[in-house]
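User: I'd like to go through this structure with you. Can you put it up?
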2 protein chains.
Amino acid sequence: MADDIAGRGDPIKTLQLMWGRIEAPKRGPKSKLAVADLVRAAVRLADEEGIDAVSTRRVAEAVGISPMSFYTHIPDKAVLLDLMLDAVARPADGSEEAQAFRPEDWRANVAFVAREYRAFYLRHPWVLQVATHRPVLGPNTMRAYDYFLAAFDGLNLSEVEMDLSVTMVANYVHGAVRDVARARMVKELTGMSDDEWWHAIAPFLETVDFSPYPVASRIGPVVGELYGLGDPDRAFEFGLECLLDGLAVMVERKGGRR
Amino acid sequence: MADDIAGRGDPIKTLQLMWGRIEAPKRGPKSKLAVADLVRAAVRLADEEGIDAVSTRRVAEAVGISPMSFYTHIPDKAVLLDLMLDAVARPADGSEEAQAFRPEDWRANVAFVAREYRAFYLRHPWVLQVATHRPVLGPNTMRAYDYFLAAFDGLNLSEVEMDLSVTMVANYVHGAVRDVARARMVKELTGMSDDEWWHAIAPFLETVDFSPYPVASRIGPVVGELYGLGDPDRAFEFGLECLLDGLAVMVERKGGRR
DNA sequence: CATAACTATGTACGGTGTAAAGTGTTATTT
DNA sequence: AAATAACACTTTACACCGTACATAGTTATG
């Protein structure tokens with residue numbers, strides 16, 4: 001139930017683990033396991049069974065150690081979550097990121113990274129449910145940020161404007177992907193499609209007086225008939241287009257390439 | 001840890017509870033407690049101690065019944081969460097919602113509802129952590145949706161365009177408020193400010209080679225020096241302005257009021 | 001007055017994160 | 001070569017969670 005936040009496994013330790021900066025201990029028995037093994041197992045669990053399936057016990061079991069041995073490698077579940085987030089931010093193997101930007105078409109570049117980011121969330125929907133303590137400053141996350149920023153490079157934007165633009169697009173994508181991700185998870189976990197759900201509650205809704213919601217009762221039925229619970233792909237593209245139009249205003253004001 | 005989704009307390013029961021449609025039972029002892037009492041207690045817990053503090057046991061304790069008596073009133077924890085979400089969507093007492101829109105200034109209207117929505121999340125940050133099974137179709141949520149929609153009324157937008165616009169703005173707000181909400185919770189729960197955290201990790205960051213992230217290492221320091229971890233209020237307003245610019249393109253094309 | 005319908009409770013189970021203490025292995029120090 | 005410190009790993013234990021199940025007490029109806 002609901003992500004936790006605590007942790008208190010000091011941030012330095014987290015960073016050291018994330019950047020592989022834990023020097024191999026001199027004495028004591030060598031461990032057969034690397035931290036990366038635990039993280040990989042945890043990510044697999046999350047991908048396959050959802051974030052709730054990720055418990056320190058199950059991760060330990062997955063890599064073949066006893067429950068408490070988990071804590072030999074990772075101080076905290078909260079730290080594990082941070083490590084998972086950075087691990088998963090690595091570009092998919094052999095993949096699309098190699099694509100170079102087209103210098104003369106910034107709209108295409110921004111749209112591309114936005115769609116990539118959305119696809120990332122859809123690959124690992126549990127990421128949306130993990131509340132991190134602080135920004136994850138791992139190598140893969142940094143790389144993703146860098147790539148995102150690069151889409152706004154060469155437009156004569158100030159550093160701050162570039163950062164704000166990335167933040168805005170990232171925020172939009174995050175918000176927009178949430179519904180789709182939820183819908184997918186619900187369908188998988190409950191075996192009830194949106195249509196079935198809608199039909200199940202329709203009889204009840206007919207008994208409700210919607211007159212206190214005049215605008216909604218004008219809009220809702222039209223939208224509902226055309227799209228059911230909404231077409232999230234279309235909604236995403238609509239919002240993205242609108243965002244790009246807004247960015248264009250700034251870009252043109254700054255005299256960047258069009 | 002991480003919101004759950006399941007529940008299977010059938011949707012009809014949830015709706016009945018939300019709309020107060022459970023007819024008072026004829027026989028049996030009268031309950032001194034209303035469902036609303038449980039929900040209110042749960043919301044208080046969430047507001048004061050975070051969503052993790054909301055357990056069926058603690059809610060029961062808060063209203064003075066034994067742990068299992070909770071289930072006499074509410075079938076499921078998942079249903080409780082839905083009820084909490086709708087309860088909290090009610091406009092704050094005596095408040096701002098009374099404000100009428102200015103018919104000739106749609107930008108102001110949209111900005112207003114966006115800021116209101118953001119303020120709502122900041123009042124109840126735990127809402128961001130609750131994954132609902134399906135859209136919450138309660139009276140208060142409906143009212144909020146209606147109000148949001150009304151900001152786009154009279155602009156000659158089609159029903160679908162109105163819905164997509166609301167969705168887009170809501171998605172942006174949702175994404176944008178996430179960081180602030182997190183920052184606040186972390187500060188409260190850990191007693192460590194962002195500045196302290198930053199200073200704690202700075203020595204480590206100096207040992208990291210950032211050359212693989214050329215754009216980020218050009219942008220990051222400038223942004224960092226000026227704003228530390230970022231000024232979320234400014235980021236929000238920047239993105240909102242940009243969104244409004246984008247919406248303006250559509251609104252003007254449709255020949256609505258400017 | 002018996003019974004059905006209802007509120008409320010107690011007990012129990014399998015799950016969680018992790019504190020604390022103990023066991024055995026290894027590299028260094030004496 | 002023996003002692004020791006550092007380490008991986010395990011066992012046990014605790015307090016919490018959601019909730020299934022069985023039970024006890026209360027009330028309106030037949």
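User: Which residues are closest to DNA strand C?
Analyst: DNA strand C is surrounded by 25 residues, and the closest are Arg57(A), Ser66(B), Met68(B), Ser69(B) and His73(B). A residue is near a strand if one of its heavy atoms lies within 4 Å of it.

User: What should I know about the model and the numbering?
Analyst: This is a predicted model, in which local features need pLDDT of at least 70 and side-chain atom pairs count only at pLDDT 80 or more, while totals for chains, interfaces and linings use all residues. Residues are numbered from 1 along each chain as its sequence is written, chains are lettered from A and ligands numbered from 1 in the order in which they are written, and side-chain values use heavy atoms, with hydrogens and water left out.

User: Back to DNA strand C. Which side chains have an N or O atom by a phosphate oxygen?
Analyst: Lys77(A) has a side-chain N or O atom 3.0 Å from a phosphate oxygen of DNA strand C, and for Ser31(B) the distance is 3.4 Å. The cut-off for a polar contact is a pair of N or O atoms within 3.5 Å; within protein, one must be able to donate a hydrogen and the other to accept it, and residues adjacent in sequence count only if both atoms are side-chain atoms.

User: And which side chain is by a base nitrogen?
Analyst: Arg27(B), with a side-chain N or O atom 3.1 Å from a base nitrogen of DNA strand C. Of the atoms of that strand within 4 Å of the protein, 58% belong to sugar or phosphate and the rest to bases.

User: Which helix gives the largest share of that surface?
Analyst: Helix 3 of chain A, with three residues. Helix 3 (56–63) of chain A and helix 4 (70–73) of chain B each supply at least two residues there. Helices here are DSSP runs (H or I, at least four residues), numbered from the N terminus.

User: Now DNA strand D. Which residues come nearest?
Analyst: Ser66(A), Ser69(A), His73(A), Ser55(B) and Arg57(B), out of 25 residues around DNA strand D. A polar backbone atom of Ser66(A) is 2.7 Å from a phosphate oxygen of the strand. For a polar side-chain atom of Lys77(B), the distance to a phosphate oxygen is 3.0 Å.

User: How does chain A lie on chain B?
Analyst: A turn of 180 degrees and a shift of 0.0 Å along the axis lay chain A on chain B with an RMSD of 0.2 Å. The two copies are thus related as by a two-fold rotation axis. The superposition is by least squares on the C-alpha atoms of residues with pLDDT of at least 70 in both.

User: How much area do chain A and chain B bury between them?
Analyst: About 8300 Å², 69% of it on carbon and sulfur atoms. Buried area is the accessible area (1.4 Å probe) lost on putting two parts together, summed over both. In contact terms (heavy atoms within 4.5 Å), 88 residues of chain A meet 87 residues of chain B.

User: How many salt bridges between chain A and chain B?
Analyst: Two, counting a side-chain nitrogen of Lys or Arg within 4 Å of a carboxyl oxygen of Asp or Glu. One salt bridge joins Asp153(A) and Arg218(B) (2.8 Å, N to O).

User: What about over all chains, how many salt bridges?
Analyst: The whole structure has 16. Among them is Glu237(A) with Arg115(A), at 2.9 Å, N to O. Glu237(A) lies in helix 11 of chain A and Arg115(A) in helix 6 (residues 106–123) of chain A, so the pair ties together parts 122 residues apart in sequence.
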